[in-house]
Amino acid sequence: MFASDSTGPVSFLFYDFETTGADPRCDRPVQFAAIRTDEALNVIDDPVTFYATLSAEVLPHPQAILVTGILPEDLAAAGGTCEAVFAARIHEQMSRPGTCAVGFNSLRFDAEMLRFMFWRNLRDPYAHEWKNGNSRWDVLDAARAVRLLRPEGIEWPRDDAGQPTLRLEALTAANGIAHAHAHDALGDVEATIDLARLLKRNAPKLFDYLLRLRSKHVAADFVDDPDRSAFVHVSGRISAEQGSASLFANLGQAGGVGTQRLLWDLRFDPTEVLDSSVDELTARRFLSQAEVTETQTRLPIKLLHLNRAPVVVSAAILQEDAVAQRMQLDRDRVRGHLAVMDRHKPAIAEKLQSVLAAQRDYAPQDVECALYDGFMPTGDRAALEAFNRRLDRALSHDSPLTDPGVEAGLIDLIRHDWQDARLPELCFRFVARTRPDLLPEVDRVKWQDWQRDRLVGTPSGEVNNGMSYACFFATIEALLTQTPEVTPEAQQLLVRLRAWGRQHEIDQGVTGWAEA
């Protein structure tokens, strides 16, 4: 039914994370749940739920605790393991041949959380997405497409302000889907599967078409068709009031990256590119939301990622009046913009490629956030895979990290002559978090000092890629004293979190940091 590069059957692994915050680079997963189904969305395996304890330098965002209800002190009692073992168990689930990893808003959050977690724990951050016929997909994008193109038979909710909303709990409530445990990973997975079944039942042809787009080759064949001057693209970056979609022109490969295409939103007149300098266009590309005005808008370009199951549809769909109305699209206007683009496309594409080449200066990234700074050399990857095979063999043990083979592998990690400049520090932190007793005394002290610096931050309380005690406690106090809508249950949760934080200070030996 669904195309796959593997020789075996396709299965869908619906999954979800609960985390310490909203930044997949720096925040940490604390709960993972998954259910595997067949192609017809029938459950074919027992659900799995894993918990991860937090490394000592990680303080959760109090707002995240209010969402998940998962306190750090409860993770070990729930069966939580250190993140290295947690990541290994998830990797096994994700890496089974023919697996399509599916979530709700997963491609923009959970999939990134996976990549950075695997990177931090010395796993290949990409192979689970493509190797052995594997793929990934997102039910949220499918819901956007069905709402725009074939909305009949499904209730599409609005929020308190009257705006369209595709929050999972709103969709499930509007359509009578059981979702008793929202923001519990397993409850969200069960609700996502039921929502996928609803979409499939009401728009089966569109559903199957969207699934085929999870192949980057299928997506590329569509967007790169030389006879296709424009196409409709559905994206969460476009206002829900405009159907989360617009008509786009493809300006070719973006910045030399084979899986990316540079698009121009044809709601906007491309003549402005011809009339502006590269510097002026570049400045508009990097406008912050606060800098946007009626006369100074962001540059209407978009990067389309072929490996993120992009929702792309023939422009012929705009012949349907209802679709154009849901997009709030002036068809005559965009037709005129397309004519300009057709006449001047090479010049417009050349100038916008120059805009892409102009990069902003960013502060150096912490090694754990530097995943996208380049691919790892083959030799380094082979050495890490050899270690991970040892760890995987030991996972059935009660204490896999004390297995003699794993222990020897950990020592090898910190002695290895790595080619990738990121790996010495990455491996040092991995060993320090999993088996600090294997480090020489001087390195244990170095690690403890590093953790303290992360927790205390600068004199102003700032901390790089994490949360300091100052921010942690100040946020709790603000939520308790300045947020009248916080429920008694939420207040109790925050009080317990604050008490955990005070004990955490004592355990880390940094009591009195505020006066230091």
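In which loop is Asn105 found? In this predicted model, Asn105 belongs to the loop that connects S4 with helix H3 (106-120). The phi angle of Asn105 is near 65°, a positive value in a residue that is not glycine. Such a value catches the eye because most residues other than glycine have a negative phi. With a relative accessibility of 28%, Asn105 counts as partly exposed. A second residue of this kind turns up on the other side of the helix: Leu122 sits in the loop between H3 and S5, and its phi is likewise a positive value near 65°. Leu122, at 1% relative accessibility, counts as buried.

A word on confidence is helpful before going further. The average pLDDT of the chain is 92, and 95% of the residues score at least 70. Residues 1-7 have a pLDDT below 50, and in the model this stretch makes 16 contacts beyond near neighbours in sequence. Those contacts are best read together with the pLDDT of the stretch, which is below 50.

Turning to the sheets, one is an open arrangement of five strands in the order S3-S2-S1-S4-S5, with mixed pairing. Its edges are S3 and S5; each has a single partner strand, so one side of each lacks a neighbour in the sheet. From one strand to the next, the twist averages 25°. Helix H6 (residues 185-202) packs on this sheet and touches S1, S2, S3 and strand S4 (99-103), its direction making about 35° with that of S2.

Within the sheet, strand S1 (residues 11-19) pairs with S2 in the antiparallel sense over eight bridges. Here Phe12 stands opposite Thr37 of S2. Strand S2 (residues 29-37) is also joined to S3 by four bridges, and these two strands run antiparallel. Ala34 has Val48 as its bridge partner in S3.

What do the side chains do along strand S3 (residues 48-51)? They alternate: Val48 and Phe50 point to one face and are buried, whereas Thr49 and Tyr51 point to the other and are not. This is the familiar pattern, since in a regular strand the side chains alternate between the two faces of the sheet.

Phe50 also takes part in the aromatic contacts of the model. The count of aromatic pairs comes to 15. In one of them, Phe32 and Phe50 are stacked, with 6.0 Å from centre to centre and 10° between the planes. Phe32 lies in strand S2 and Phe50 in strand S3, so this pair ties together parts that are 18 residues apart in sequence. Both partners fall under the 20% cut-off for buried residues: Phe32 has a relative accessible area of 0%, and Phe50 has a relative accessibility of 17%. Ring pairs extend the picture by linking Tyr15, Phe17, Phe32 and Phe50 into a cluster.

At the other edge of this sheet, Ser135 has its place in strand S5 (residues 135-138). Ser135 counts as buried because its relative accessibility is 9%, under the 20% cut-off. Which residues does Ser135 contact, leaving aside its neighbours within four places in sequence? The contacts of Ser135 are with Thr99, Cys100, Ala101, Glu129 and Arg214.

Another open sheet of five strands has the order S9-S8-S7-S6-S10 and antiparallel pairing. Strand S9 (301-305) and strand S10 (311-314) stand at its edges with a single partner strand each, so one side of each is left without a neighbour in the sheet. The twist in this sheet averages 45° from one strand to the next. Five bridges pair strand S8 (residues 257-265) with S9 in the antiparallel sense, and Leu263 stands opposite Lys302 in S9. Helix H12 (residues 331-357) lies across strand S7 (245-254), S8 and S9, and runs at about 40° to S7.

Finally, charged groups are placed over aromatic rings. Arg228 lies over the face of Phe222, at 3.7 Å from the ring centre. The charged end of Arg502 sits over the ring of Phe473, 3.7 Å from the centre of that ring.

How values were computed:
Residues numbered from 1 in each chain as written. Predicted model: local features only at pLDDT ≥ 70, side-chain atom pairs only at ≥ 80, totals over all residues. Heavy atoms only, no water. Buried < 20%, exposed > 50% of the residue type's maximum accessible area, 1.4 Å probe, protein only. Pairing = 2+ DSSP bridges. pLDDT = per-residue confidence, 0-100. Contact = heavy atoms within 4.5 Å. Phe/Tyr/Trp six-rings, centres within 6.5 Å; stacked < 30°, edge-to-face > 60°. Lys NZ or Arg CZ within 6 Å of the ring centre and 35° of its normal. Axes fitted to C-alpha atoms, helices over the stretch in contact; angles between N-to-C directions.
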